Structures are given as structure tokens and as C-alpha cells.
Amino acid sequence: PTPMHYHIFGQNISLSKSPVIHNAAFAAHRLPHSYDIRDCDGLGEIEHLIKDNDFGGASVTMPHKLSVDRYCDQISDAAAAIGAINTLIARQNVNTGQQCIYGDNTDWSGLFNIVSKDQHLRSVDRPVGLIIGAGGAARAGIYALVQAGIQKIWVLNRTFDKAQKVADDFQKIANVTAVASSVEILESPDVIIGTIPGEAMPVHAFVDLFQKERGLCIEMSYKPPVTNFLSAASTHPGWDKADGLEVLLQQAFDQSRLWTGKEAPEEVMRKAMDDSFPDFGKTSKDGYGTVGKVRI
């Protein structure tokens with residue numbers, strides 16, 4: 001195969017672990033492709049890379065997820081519903097031979113992989129979901145929960161208007177209620193997804209959310225390794241927990257499939273992640289490894 005170039009586009013991403021994960025996947029498949037970091041304030045800086053004939057695809061992170069659609073010839077239904085694109089795939093038009101850019105979102109599918117495989121959630125009748133935050137990641141979280149069959153979802157955000165906007169956008173496909181304070185949540189959640197920076201809210205702000213003895217807690221941030229949300233969850237041993245690195249891996253598996261057309265070499269990608277994070281502890285293949293002092 002022709003060597004293709006893949007990148008990650010975003011701001012302040014010099015420490016991104018995506019190159020380690022994806023280059024390991026390419027090597028496992030014996031593909032001559034490469035993946036690197038392209039830190040950019042504006043998409044105009046990297047436009048030439050997208051238009052290169054050897055452009056294979058890219059991961060797109062903040063703040064470009066909401067504006068990269070202008071380079072896409074087509075976008076997935078999921079990306080359109082979420083309103084954000086985190087994956088570009090270069091495809092060749094079989095009729096014209098021209099390259100076209102397909103935009104997709106694997107943030108939701110990575111979360112869906114975790115939610116749909118959780119044994120406890122499967123046994124719950126009409127589970128309730130809670131999303132913390134109201135940005136692009138929160139929108140992916142709602143979409144993932146809906147696809148997993150969860151119809152009642154609460155969105156908690158300190159700025160109520162932002163939460164209400166997100167709730168309104170998804171009202172056609174689920175019962176979504178926006179709140180600005182945890183005391184307004186009238187049902188105890190079975191699954192909670194944190195989509196805010198790891199230290200944006202203090203530990204005590206999360207304590208009252210874990211009303212049920214069992215549930216699933218998913219943290220999308222991996223800085224610091226044990227976020228305040230995970231710290232609060234750690235006092236509830238009956239809750240299954242997935243940290244930000246597990247979420248990163250799950251969405252990377254889906255990106256790898258989209259780019260290569262092959263099954264993702266999950267164990268290879270997981271080992272590459274573990275080796276690049278020697279202080280984090282190991283993630284096990286079922287997603288319940290150990291991160292810091294929290295059992296994931």
C-alpha cells in the first residue's frame with residue numbers, strides 16, 4: 001500500500017498519546033502509514049495537509065471539532081446529530097478517482113462500547129443517565145446513551161442555558177432534562193458520564209450523585225490521572241468505572257477501523273498506551289484495570 005499520512009489537529013496537544021496508539025496499530029497491520037501531531041490555532045494552518053494526495057485521515061480535537069466540517073465532502077449521521085467531528089477519513093471516489101473527505105465522530109461510539117458492554121447496566125430496567133457538562137463531549141455522551149437504549153437523560157451544567165440548549169437539540173430522540181444543580185436531579189442515575197476538565201469541580205460536588213449501590217461511571221478527562229469525579233466515585237465500590245484513558249482507547253479503536261478497514265489490534269494499542277503511561281498503572285483488556293488508586 002501507498003504510505004499515507006495521518007495527523008491529530010488541535011490546540012495545546014503536544015503531549016497527545018494518539019500518535020503512540022495509532023502508529024502501533026499501523027505497525028501491527030504492517031502498514032507503511034505515519035501519524036503525527038499538528039498543533040494549530042486555526043484550521044487554515046493545516047488546510048494544505050488535508051488537500052495533500054497522501055492525506056489518509058486525522059483525529060480532530062478542540063477547538064476544531066465544530067468547524068472542520070467545511071473540509072468535508074460528506075459527514076456521518078452521528079456527526080451531524082452530535083454537531084461535532086473528531087475523525088476525518090480520506091476516501092477515493094471510485095467514479096472520478098478524486099479524493100473526498102468523510103467526517104465522522106468516534107467520541108460517541110467509544111462511549112457506547114463501554115456502556116453497552118457493562119453487565120450491570122444490562123440488567124437494569126429503564127436505566128437513567130446523567131451527563132456532567134454541556135459541550136461537544138456532552139453531546140457525544142447523550143448520543144451514546146440514546147444509542148445504548150437509555151431514554152431518560154439528565155444534563156448537569158453550571159451554566160443552565162448551555163445545558164438547556166443541549167437538551168433541546170436532543171429532545172426529538174430522548175427525554176433530556178437540563179439542570180444547573182445536582183439537587184434538581186429527581187431520579188438517581190445508573191450511568192454517569194463526566195465531560196468536564198478533571199479539576200473543574202471539587203470532589204464534594206459529585207458525592208451526592210452516587211445514590212444507587214451499583215452503576216457505571218465514565219470519565220472522559222485523563223488529566224490528572226485520577227480526576228475529582230473519579231475520586232468521588234472511588235468511595236462507591238459497587239460502581240464500575242472507566243477512566244479517560246479507556247475512553248481515549250475505545251474511540252481510537254473505532255478510528256483505526258475507519259482508517260484501515262481492518263479490525264483494530266486492541267491489545268497492541270492498549271500495550272502502547274500502557275507503555276507510554278508508566279505512572280498510570282495498567283488498563284486490562286476488559287476496561288477494568290487500575291489507574292492510580294481507583295479501580296477501573
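**Notes on a two-domain predicted model**

1. Let's start with a sheet. Six strands line up in the order E9-E8-E7-E10-E11-E12 to make an open sheet, and their pairing is parallel. Two strands count as paired if DSSP finds at least two bridges between them. Helices (H or I, at least four residues) and strands (E, at least two) are DSSP runs, numbered from the N terminus. At the edges sit E9 and strand E12 (239-242), each pairing on one side only. From one strand to the next, the twist averages 15 degrees.

2. A word on where this comes from. This is a predicted model, in which local features need pLDDT of at least 70 and side-chain atom pairs count only at pLDDT 80 or more, while totals for chains, interfaces and linings use all residues. Residues are numbered from 1 along each chain as its sequence is written, and side-chain values use heavy atoms, with hydrogens and water left out.

3. Now the big picture. The protein splits into domain 1 (4-104 + 248-276) and domain 2 (108-242); these bounds come from an automatic or database domain assignment. Their C-alpha centres are 26 Å apart. Eight residues of domain 1 are in contact with twelve residues of domain 2, where contact means heavy atoms within 4.5 Å.

4. Back to that parallel sheet. Strand E7 (residues 128-132) pairs with E8 in the parallel sense over five bridges, and Leu130 stands opposite Trp154 in E8. Helix H6 lies across E7, E8, E9 and E10, and runs at about 170 degrees to E7. For such angles, axes are lines fitted to C-alpha atoms, for helices over the stretch in contact, and the angles run from 0 to 180 degrees between N-to-C directions.

5. What covers E11? Have a look at its burial first: five of its five residues are buried. Buried means under 20% relative accessible area, exposed means over 50%, and partly exposed is in between (1.4 Å probe, protein chains only). Gly215, Cys217 and Glu219 point one way from E11, while Leu216 and Ile218 point the other way. That fits a general pattern: in a regular strand the side chains alternate between the two faces of the sheet. As for partners, E10 and E11 pair in the parallel sense over four bridges, with Ile192 opposite Cys217. E11 also runs parallel to E12, joined by four bridges, and Gly215 stands opposite Trp239 there.

6. Compare a residue in the loop between E10 and E11, namely Glu213. Is Glu213 buried or exposed? It is exposed, because its relative accessible area is 70%. Leaving out residues up to four places away in sequence, Glu213 touches Gly238 and Trp239.

7. Next, the largest nonpolar core, with 34 residues; Ile142, Ile153 and Ile218 touch the most other members. A nonpolar core is a set of buried Ala, Val, Leu, Ile, Met, Phe, Trp, Tyr and Cys residues joined through side-chain atoms within 4.5 Å. Elements that each supply at least two residues include helix H3 (77-82), helix H4 (107-117) and strand E11 (215-219). H6 gives the largest share, seven residues. The core draws at least three residues from each of domain 1 and domain 2. Not counting neighbours within four places in sequence, Ile142 is in contact with Ile131, Ile153, Val155, Val166, Phe170 and Val176. There is also a second, separate core of 19 residues, with Val128, Leu130, Phe210 and Ala232 among them.

8. Helix H4 deserves its own line. It is mostly covered, with eight of its eleven residues buried; Trp108, Leu111 and Ile114 are among them.

9. The other sheet is open too: six strands in the order E2-E1-E3-E5-E6-E4, with mixed pairing. Its edge strands are strand E2 (34-39) and strand E4 (74-75). Strand E1 (residues 5-10) pairs with E2 in the parallel sense over six bridges, and His5 stands opposite Ser34. Helix H1 (residues 18-28) packs on this sheet, touching E1, E2 and strand E3 (55-60). Helix H9 (residues 244-260) packs on it as well, and its direction makes about 15 degrees with that of E5.

10. Last, the record. In an unreviewed entry, UniProt lists residues 244-273 as "domain: SDH C-terminal"; its positions are given in the numbering used here, feature names are shortened, and annotations may be inferred rather than shown by experiment. Over that stretch the chain is 83% helix and 0% strand.
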